[in-house]
Amino acid sequence: NRSSDLRAVGDVRSNSTTVTIRVLDVNDNEPLFSPTFYHAIASESSAIGTTVVVVTASDVDSGDFGAVTYSLEKRGNENSSFYIDSQSGSIVTQKSLDCETAGQYLLTAVAFDGGKPSFSSTTQVSVDVSCQNEHAPDFQQSSYSLFVSENSTTGSSLISLSASDADFGLQGQILYSITTGNAENVLLVREIANAELRV
């Protein structure tokens, strides 16, 4: 606010009044995110309602023009797996996560100010879904049978075995070993893409 004094002067008498000038803010700034990119990791075992990350934007305008609310774009938010609290900017799980079907989400968060019309800005939020070890490896067959000649040379390949695991990443990698029936260590396992049993 600014005040100025005005005075009217006549031949003999004078008077004065005060004029107050109020400068009104206009909505001339958009909300800005800080940081400009977010990365988070969410476990696929996270309960529904778990906060994954909180995004923050600010607007230098005053009053309602500087009040910021948030939303998530549908693009990248497959199955509506996440929602955002419009006031706090907290991004929260609203569906169960499964890294085998969706190992990563690239969300777009939007910040709006309170102007009419409002200004807005966006930021990218990358969410990696970490896997839990949920599955045991499965062999293609439950049992195998073979005959071996007693004069088989050392290093001869006897059979190739293969197993698969429905888990993703490190939890889906398979290591092979002989646990019983090889008391004299006659047999060994050579690990390649599958398990090769050798003499």
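This report walks through the strands, sheets, core and two selected residues of a predicted protein model.

Because the model is predicted, local features are given only at pLDDT of at least 70 and side-chain atom pairs at pLDDT 80 or more, while totals for chains, interfaces and linings use all residues. Residues are numbered from 1 along each chain as its sequence is written, and side-chain values use heavy atoms, with hydrogens and water left out.

**The chain as a whole**

Let's start with the overall picture. The protein chain has 16 strands and zero helices; strands (E, at least two residues) and helices (H or I, at least four) are DSSP runs, numbered from the N terminus. Of its 199 residues, 30% are buried, where buried means under 20% relative accessible area, exposed over 50%, and partly exposed in between (1.4 Å probe, protein chains only). The accessible surface is about 13500 Å², with 49% of that belonging to carbon and sulfur atoms; such areas come from the Shrake-Rupley method with a 1.4 Å probe, and for residues only the protein chains shown count as cover. Taking contacts (heavy atoms within 4.5 Å) between residues at least 6 apart in sequence, 59% join residues at least 24 apart.

**Two open sheets**

Strands count as paired if DSSP finds at least two bridges between them. The table sets out two open sheets; the angles are between lines fitted to C-alpha atoms and run from 0 to 180 degrees between N-to-C directions.

| Strand order | Pairing | Average angle between neighbouring strands |
|---|---|---|
| 4-11-10-7 | mixed | 30° |
| 5-9-8 | antiparallel | 20°, direction ignored |

In the four-strand sheet, strand 4 and strand 7 are at the edges with a single partner strand each, so one side of each has no neighbour in the sheet. Strand 7 joins strand 10 in the antiparallel sense over four bridges, and Tyr-70 sits opposite Ala-111 of strand 10.

In the three-strand sheet, the edges are strand 5 and strand 8, each pairing on one side only. Strand 8 runs antiparallel to strand 9 (residues 90-93), with three bridges between them, and Tyr-83 is opposite Val-92 of strand 9.

**The largest nonpolar core**

A nonpolar core is a set of buried Ala, Val, Leu, Ile, Met, Phe, Trp, Tyr and Cys residues joined through side-chain atoms within 4.5 Å. The largest one here has 25 residues, and Val-55, Phe-82, Ile-91 and Val-125 touch the most other members. Elements giving two or more residues to this core include strand 4 (37-43), strand 10 (104-112) and strand 11 (120-130). Strand 10 supplies the largest share, four residues. Beyond its neighbours within four places in sequence, Val-125 contacts several residues, among them Val-55, Ile-91 and Leu-107.

**Two residues to look at**

Thr-123 is in strand 11 and, at 2% relative accessibility, counts as buried. A polar atom of its side chain is 2.6 Å from the backbone oxygen of Thr-36. Setting aside residues within four places in sequence, the contacts of Thr-123 include Phe-33, Thr-36, Leu-107 and Ala-109.

Asp-165 belongs to the loop between strand 14 (163-164) and strand 15 (188-191). With a relative accessible area of 16%, Asp-165 is buried. Its C-alpha atom is 4.5 Å from that of Pro-137, 28 residues away along the chain. Not counting residues up to four places away in sequence, Asp-165 touches His-135, Ala-136, Pro-137, Gln-171, Gly-172 and Ile-174.

Methods
Polar contact = N/O pair within 3.5 Å; in protein donor to acceptor, adjacent residues only side chain to side chain.
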